Amino acid sequence: AAAMAAERALTMATCTAPVNIAVIKYWGKRDTDLILPINSSLSVTLHQDQLKTTTTAAASRDFTEDRLWLNGKEADVGHPRVQACLREVRRLARKRRGGGEDTAALSLSYKIHIASENNFPTAAGLASSAAGYACLVSALARLYGVEEELSEVARRGSGSACRSMFGGFVQWQRGERPDGTDSLALQVAPETHWPELHVLVLVVSGEKKPVGSTAGMQTSVETSPLLKHRAEVVVPERLAQMMRHIRERDFEGFGQLAMRDSNQFHATCLDTFPPIFYLTDLSRHIIALAHRYNAHHGHTKVAYTFDAGPNAVIFALADTVAEFVEVVRRSFPPATNGDQFVRGLPVGSATLSQALVAAVVTEPVPGAVQYILHTKPGPGPQLVDDPSQHLLGADGLPRSRA
Ligand code: DP6
């Protein structure tokens, strides 16, 4: 079968990959070329039923140049990070073949076509680069028959992408070696470990972030003494604590630490010079809301975390989701199409007590939250077996999208 594949004019592989949200944040590189971080980080992989990237990679002796399409539009295949991933997967493929003439294997010199799509609006600022590079590397690996651990390659696309190579709860260990061979992702626990843990993404803006993560974290490394202290002292302690909270399914500990770490990341942004602001008035509104809600209940029922953009990600246990969604609906009354306000996994209805409304829902801001996406932890990259799902047609060009 493998020999036949090599004789076919076109060979193709399609994979999907997830988004992840860090609860111990990565911010700062010690090597900008290899993408080696100044501290380890830890994330939760989100379910691909709600958020995923799909990528098809194809190779053919008939292709005259490498080409790339993102969400149906042709993009720059020469991007250094795309090239780094391509080079590394091919290197592993060559190593695997032991340099010998393996006629059954797909030729590494064929040009390739890559098409990638998200099942969510890219403009919503939902960490698409992590899923994108994890998916690119997964599809290329499949195309070339590479089965090695690939988080080290995905890391070359985007640091946070290495964590999207696994499902559930994932650590990116910073590593010590200058060549980066020990800077990789490890699964801490699978997605089945904590079934009660749910995730609400509060999509608040379609705007592009003011300063990209790559540039922002570099300025932070160069100017923030708080970031240095965070990487050297705070994160090592927090990482160990967070692993314990996850192992014990301790929401109180998990939630508290996730909020503190998000806040410290944004504090390092303020400590950067000139300062960087990712949190907005609305983010602060959501933060205050979560704290009022927890205070009303007398313990941590919801935990927020924010990356380099204005969307809020909320962790809550299953029994809290319906009530908190209602609190968000009352606090940010949907402007239009209220029926689409809650998306993703179904959310039950909840009636709020007078006391809860009085204590928590202060000064509603109509229309500020576009919609809520209800999801949960999910698995790592998947192979798509069904050939009808390929994003490229038999001619090697993007299929027209229905
Ligand atoms: C705030 O992985 O996007 O989301 O490595 O330069 O591509 P590059 O940066 P990126 O940074 C993510 C930063 C963060 C925190 C996190 O995901 O850990």
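These are my notebook entries on a predicted model of one protein chain with a bound ligand.

**Entry 1: domains**

I began with the domain assignment of the protein chain, which gives domain 1 as 10–190 + 383–389 and domain 2 as 197–375. I then looked up how far apart the two lie, and their C-alpha centres are separated by 27 Å. For the contact between them I noted 30 residues from domain 1 and 45 residues from domain 2.

**Entry 2: nonpolar cores**

Next I asked which residues have the most contacts inside the largest nonpolar core. They are L202, M242, F254, I286, F315 and F324, in a core of 63 residues. I checked which domains contribute to this core, and at least three residues come from each of domain 1 and domain 2. I also recorded a second, separate core of 34 residues, with V82, L106, Y133 and V153 among its members. As background I wrote down that nonpolar side chains tend to be buried together in soluble globular proteins.

I followed I286 in more detail, setting aside its neighbours within four places in sequence, and found it in contact with L202, V204, F306, A312, I314 and F332. Of these partners, L202 is also listed among the residues with the most contacts inside the largest core.

**Entry 3: the ligand**

I turned to the ligand and asked how many residues surround it. The count is 17, and the closest are Y26, K29, R81, S158 and S160. Looking at which element gives the most to this shell, I found helix α5 (residues 213–223), with 3 residues.

I then went through three polar contacts, each involving an oxygen atom of the ligand. In the side chain of R81, an N or O atom is 2.7 Å from a ligand oxygen, and the side chain of S160 likewise places an N or O atom 2.7 Å from one. At G159 the partner is a backbone N or O atom, which lies 2.8 Å from an oxygen of the ligand. I closed this entry with the areas: the ligand taken alone exposes 460 Å², and the protein buries 94% of that.

**Entry 4: the loops on either side of α7**

I started before the helix, in the loop between α6 (225–247) and α7, where R249 is placed. R249 is not a glycine, yet its phi is positive, at about 50 degrees. I noted R249 as partly exposed because its relative accessibility is 44%, which falls between the 20% and 50% limits.

Within helix α7 I looked at A267, which also counts as partly exposed, at 31% relative accessibility. I took its C-alpha distance to L392, 125 residues away along the chain, and obtained 44 Å.

In the loop between α7 and α8 I found P274, and I recorded that the peptide bond from F273 to P274 is cis, with omega near -5 degrees. T280 lies in the loop between α7 (251–271) and α8 (281–297) as well. T280 counts as partly exposed at 31% relative accessibility, and its C-alpha atom is 9.6 Å from that of N311, 31 residues apart along the chain.

**Entry 5: E363**

Finally I asked whether E363 is buried or exposed. E363 counts as exposed because its relative accessibility of 63% is over the 50% limit. I located E363 in the loop between α10 (354–360) and β16 (371–375), and noted its phi near 40 degrees, a positive value in a residue other than glycine.

Technical notes: Residues numbered from 1 in each chain as written. Predicted model: local features only at pLDDT ≥ 70, side-chain atom pairs only at ≥ 80, totals over all residues. Heavy atoms only, no water. Core = buried A, V, L, I, M, F, W, Y, C linked by side-chain atoms within 4.5 Å. Buried < 20%, exposed > 50% of the residue type's maximum accessible area, 1.4 Å probe, protein only. Domains from an automatic or database assignment. Contact = heavy atoms within 4.5 Å. Near = heavy atom within 4 Å. Polar contact = N/O pair within 3.5 Å; in protein donor to acceptor, adjacent residues only side chain to side chain. Areas by Shrake-Rupley, 256 points an atom, 1.4 Å probe, with all protein chains shown as cover. Helix = DSSP H or I, 4+ residues; strand = E, 2+ residues; numbered from the N terminus.
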